[in-house]
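The exercises below are meant to be worked through with the structure open beside the text. Each one sets a task and is followed by a solution in steps.

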Amino acid sequence: MKSPVQDYKVVLPSKIKEMIGEQIIIKKTDGEVQIPEVESTQINHFIAGKKNMGICLGKGISPDEVPTASIVYCYP
């Protein structure tokens, strides 16, 4: 699986949203995989050239269900 944010520093926010798509794959630290729908995305661009990305998954998944160190991939 290819992470959609591997080269995000040189990619425009609109392209990042396109790369994320309508679903993502969340691989938890215990190996469990979930494929939730993406409700919306928010990408903030900072002067220092960094970007902060937020992916809203809606009410179908709770933040407690995604442990720290989980990996997020784009859905093929």
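Two strands are taken to pair if DSSP finds at least two bridges between them. The model is a predicted one, and residue positions are to be read with that in mind.

**Exercise 1. Work out the order of the strands in the sheet that contains β1, and state which strands stand at its edges.**

Step 1. Begin with strand β1, residues 24–27, which is joined to strand β5, residues 71–74, by four bridges, the two strands running antiparallel. Within this pairing Lys 27 stands opposite Ile 71, while Ile 26 stands opposite Val 72.

Step 2. Turn next to strand β2, residues 33–34, which is joined to β1 by two bridges and again runs antiparallel to β1. Here Lys 27 stands opposite Val 33.

Step 3. Put the pairings together: the result is an open sheet of three strands in the order β2-β1-β5, with antiparallel pairing. Because β2 and β5 each have a single partner strand, they stand at the edges, and one side of each is left without a neighbour in the sheet.

Step 4. Follow the chain from β1 to β2, which form a hairpin with five residues between them. In the turn, Gly 31 has a positive phi of about 95°.

**Exercise 2. Decide whether Pro 36 is buried or exposed, and find the residues in contact with Pro 36 beyond its neighbours in sequence.**

Step 1. Locate Pro 36 in the loop between β2 and β3, the latter covering residues 40–45.

Step 2. The relative accessible area of Pro 36 is 12%, and since buried means under 20%, Pro 36 counts as buried.

Step 3. Leaving aside neighbours within four places in sequence, Pro 36 is in contact with Glu 22, Gln 23, Ile 24, Ile 26 and Leu 57. Leu 57 is 21 residues away from Pro 36 in sequence, yet the two C-alpha atoms are 6.7 Å apart in space.

**Exercise 3. Find the two salt bridges of the structure, and describe the exposure of the residues that form them.**

Step 1. In one salt bridge, the side chains of Lys 15 and Glu 18 meet at 3.3 Å, N to O. Both residues lie in helix α1, residues 13–20, where they are three residues apart, about one turn of the helix.

Step 2. Lys 15, at 39% relative accessibility, is partly exposed, whereas Glu 18, at 56%, is exposed.

Step 3. In the other salt bridge, the side chains of Glu 32 and Lys 28 meet at 3.7 Å, N to O. Glu 32 is partly exposed, with a relative accessible area of 39%, whereas Lys 28, at 12%, counts as buried.

Terms used
Residues numbered from 1 in each chain as written. Predicted model: local features only at pLDDT ≥ 70, side-chain atom pairs only at ≥ 80, totals over all residues. Heavy atoms only, no water. Buried < 20%, exposed > 50% of the residue type's maximum accessible area, 1.4 Å probe, protein only. Contact = heavy atoms within 4.5 Å. Salt bridge = Lys/Arg side-chain N within 4 Å of Asp/Glu carboxyl O.
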